[in-house]
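Please look over the sequence and the model shown here. The report after them concerns strand pairing and helix packing.

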Amino acid sequence: MQAAPNQTPVTVITGYLGSGKTTLLNRILTETHGKRYAVIVNEFGEVGIDNDLIVNAEEEIFEMNNGCICCTVRGDLIRILGGLMRRKGRMDGIIVETTGLADPAPVAQTFFVDEDVRRQTKLDAIVTVVDAKHLLGEIDRAPEAQEQLGFADIVLLNKTDLVTADDLASVEARIRRINPYAAIHRTERCGLDLAQVLGRDAFNIDRVLEVVPNFLIETHEHEHDDEISSLSLTADRPIDPARFVPWIQKVTQDFGTDILRMKGIIAMKDDDQRFVVQGVHMLLEGGSQRPWKSDEKRDSRLVFIGRGLPKDRLKQEFESCRV
């Protein structure tokens, strides 16, 4: 059932840590499609990074930090949606990017059990982004990843360039065992025709009720993996690249198996460009993003999300990278 004229379509982008959700969001915000979207971004760590990893765009971006959208900040989601609905004529749709640890079920539930939200919005699709390289290594101990796949209407099997054809077939078979209904698109850096993920009218409440009969009953029993925690590091003095680069490479080598996600904006010494660093397990990439703006505070923010991270050591070593 398509959105009624008075309903704004909503696309929920979910996927486990480091799968490429923000990459997909950036594609939506930068490619030419003639649509305007409001964006709601939820992060797990105390320090927001994703908002700064989203490319410059005219779209309004709302950030919800330090809590999972499916749990502690769900009220914020309803409040932000309510504010957006008071000026709905200025947008063609809403994009919600969840944390990598979110259960999409209560997020989807929000669009049915809250009367005002239900009347004014229409959940168009839950799009789940999958890291083809790391999914099989994580999924058995990551119930969130299974929930994200189970609720997906559309799956982007991403990072296909990092695995063999046989590995890709194994990952796809595992996805199919969890969700035989979702459309699956194989992608590199989330590259695909956006018509495959937007305006699909793909969310089917009847299918959900077959799988989760009490979906419309407002309870939430989702529990996060207590072993997973975040560490947010900040510095208001410039960072010495001669110390930082070899340090972050060694951290990745030493603790990569426990680092589910790492991302940061770094203010390097004598550099007018913002340095962006990102990592998933032992995969690390970094580079200049764009010049610092004249009115922008030049500080550094680095967030680790993982299991059993040596927080005191990471904090001390990061601080030693300051000039």
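The text below treats one strand and its partners, then two helices, and finally a single strand residue.

This is a predicted model, in which local features need pLDDT of at least 70 and side-chain atom pairs count only at pLDDT 80 or more, while totals for chains, interfaces and linings use all residues. Residues are numbered from 1 along each chain as its sequence is written, and side-chain values use heavy atoms, with hydrogens and water left out.

Helices (H or I, at least four residues) and strands (E, at least two) are DSSP runs numbered from the N terminus. Strand β1 spans residues 8-14, and 6 of its 7 residues are buried, so β1 is largely enclosed by the rest of the structure; buried here means under 20% relative accessible area, exposed over 50%, and partly exposed in between, with a 1.4 Å probe and protein chains only. Two strands count as paired if DSSP finds at least two bridges between them, and the table sets out two such pairings of β1.

| Partner of β1 | Sense and bridges | Residues opposite |
|---|---|---|
| β5 (residues 121-131) | parallel, 7 bridges | V12 and I126 |
| β4 (residues 93-97) | parallel, 4 bridges | V10 and I94 |

Helix α7 (residues 143-150) has E144, A145, Q148 and L149 as its buried residues. They cover an arc of only 135° around the axis, which puts them on the same side of α7; the arc is that of the directions from the helix axis to the C-beta atoms. The elements against which these buried residues pack include β1, β5 and α8 (165-178), where contact means heavy atoms within 4.5 Å.

Helix α10 (residues 241-255) has 15 residues and reaches 21 Å from its first C-alpha to its last, close to the 21 Å expected at 1.5 Å a residue, the expected span being 1.5 Å times one less than the number of residues. Its buried residues are F244, W247, I248, V251, T252 and F255. Seen down the axis of α10, these buried residues fall within an arc of 135°, so they line one face of the helix, whereas A242 and Q253 are exposed on the other side. The buried residues of α10 pack against β9 (259-266), β10 (273-280), β11 (283-291), β12 (300-307) and α11 (311-319). At the N-terminal end, α10 is capped by D240, a side-chain oxygen of which lies 2.9 Å from the backbone nitrogen of A242.

I228 lies in strand β8 (residues 228-235) and, at 6% relative accessibility, counts as buried. Between I228 and D258, 30 residues apart in sequence, the C-alpha to C-alpha separation is 9.2 Å.

Conventions:
A polar contact is a pair of N or O atoms within 3.5 Å; within protein, one must be able to donate a hydrogen and the other to accept it, and residues adjacent in sequence count only if both atoms are side-chain atoms.
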